[in-house]
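Student: I would like a close look at one part of this model, taken slowly and with the surroundings filled in afterwards. Please keep to what can be read from the coordinates.

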Amino acid sequence: MLITELKNKDVIKSLIHGKVFALVCHGCKEIRFPEQETDQLLRELEQEGIVTGVFTTDYICNVENLTLRLSRHTAAIEAADTILVFSCGVGVQTVAEMFEAKRVCAACDTYALPGFQGVTPLEHDCNQCGQCYLNLTGGICPITACSKSLINGQCGGAKDGKCEVDPNMECGWERIQRRLAQVGRLDALKCPIQVRNYAVDEAGK
């Protein structure tokens, strides 16, 4: 199981550039999802007149299912500059891969709990680390995409774009750099990543 927690409201608003399309996942019913907080935030954004659309569905980690359901929202998505995703890290990575030319941002952090983790047909993974870095890395998780889980850049050991630990694995940080360049956000690499305090509990207290 896992807990999905909304990021600080000011942090979320700082992620938004221009118009926004919100995608909310209610897939894994065993998780704790901040429905009321999310609804309140989206109402505030709608009052500001920057929301092109809000779509709530389940299991956004299923690409075929999500593609079909989003087909009726194409105009709203195209009109948006930012796609704001309310889900675990797997959902954010899925959407970022589907809309590579869009600015895709994570509105939530995810914490792990013992038990069943849900099923995704994709290779994306979420370590439920409690401090999601996807907003700084173009929707590609440095913890799961890098075999060393480096969060401040690549190690320098990659050869021909392949990981030195696993030659069959593409270097996660080279993927991140390409994605950020594609969406014009290479400046994100200049942002210092806060070192996580492992002494606190899952609730951050």
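Which side chain meets that of lysine 7 in a salt bridge, and what is the N to O distance?

Tutor: The model is a predicted one, and what follows should be read with that in mind. The partner of lysine 7 is aspartate 109, and the salt bridge between the two side chains has an N to O distance of 2.7 Å. Lysine 7 sits in the loop between β1 (2–6) and α1 (9–15), while aspartate 109 belongs to strand β6 (residues 108–112). The two are 102 residues apart, so the pair links distant parts of the chain. Both ends are covered: lysine 7 is buried, and aspartate 109 is buried too.

This pair is one of eight salt bridges in the structure. A second one starts from helix α1, where the side chain of lysine 13 meets that of glutamate 48 at 3.4 Å, N to O. Glutamate 48 lies in the loop between α2 (35–47) and β3, and this pair also links distant parts of the chain, 35 residues apart. The setting is not a buried one: lysine 13 has a relative accessible area of 29% and is partly exposed, and glutamate 48 is partly exposed at 45%. Lysine 13 and glutamate 48 also belong to a network of salt bridges that links Lys9, Lys13, Glu44 and Glu48.

A third salt bridge joins arginine 69 and aspartate 58, with 2.9 Å from N to O. Because arginine 69 lies in helix α3 (residues 63–70) and aspartate 58 in the loop between β3 and α3, the pair ties together parts that are 11 residues apart in sequence. Here too the two residues are partly exposed, arginine 69 at 30% relative accessibility and aspartate 58 at 26%. The loop between β3 and α3 also holds tyrosine 59. Tyrosine 59 is not a glycine, yet its phi is positive, at about 50°. With a relative accessibility of 36%, tyrosine 59 counts as partly exposed. Another positive phi outside glycine is that of aspartate 160, near 55°. Aspartate 160 is placed in the loop between α6 (142–145) and α7, and it is exposed, with a relative accessible area of 82%.

A charged residue without such a partner makes a useful contrast to the buried pair. Arginine 185, in the segment after α7 (172–182), is buried but has no salt bridge. The nearest side chain of opposite charge is that of aspartate 187, 5.3 Å away. The cut-off for a salt bridge is 4 Å between a side-chain nitrogen and a carboxyl oxygen, so aspartate 187 at 5.3 Å does not qualify as a partner. Apart from neighbours within four places in sequence, arginine 185 is in contact with Arg103, Asn135 and Leu180.

Arg103 leads to the sheet. Arginine 103 is in β5, where it stands opposite threonine 82. Strand β4 (residues 82–86) runs parallel to β5, and four bridges join the two. They are part of an open sheet of four strands in the order β3-β2-β4-β5, with parallel pairing. Its edge strands, β3 (51–57) and β5 (103–106), each pair on one side only. On average, neighbouring strands of the sheet are turned by 20° against each other, direction ignored. Helix α5 (residues 89–98) packs on this sheet and touches β2 (20–25), β4 and β5. The direction of helix α5 makes about 180° with that of β5.

The chain as a whole gives the frame for these details. The secondary structure comes to seven helices and six strands. From the N terminus on, the elements run β-α-β-α-β-α-α-β-α-β-β-α-α. Of the 205 residues, 44% count as buried, and lysine 7, aspartate 109 and arginine 185 are each described as buried. Among contacts with a separation of 6 or more, 66% are between residues 24 or more positions apart. The accessible surface comes to about 10900 Å², and carbon and sulfur atoms account for 51% of that area.

Terms used. Residues numbered from 1 in each chain as written. Predicted model: local features only at pLDDT ≥ 70, side-chain atom pairs only at ≥ 80, totals over all residues. Heavy atoms only, no water. Pairing = 2+ DSSP bridges. Axes fitted to C-alpha atoms, helices over the stretch in contact; angles between N-to-C directions. Contact = heavy atoms within 4.5 Å. Buried < 20%, exposed > 50% of the residue type's maximum accessible area, 1.4 Å probe, protein only. Areas by Shrake-Rupley, 256 points an atom, 1.4 Å probe, with all protein chains shown as cover. Lys, Arg positive; Asp, Glu negative; His and termini not counted.
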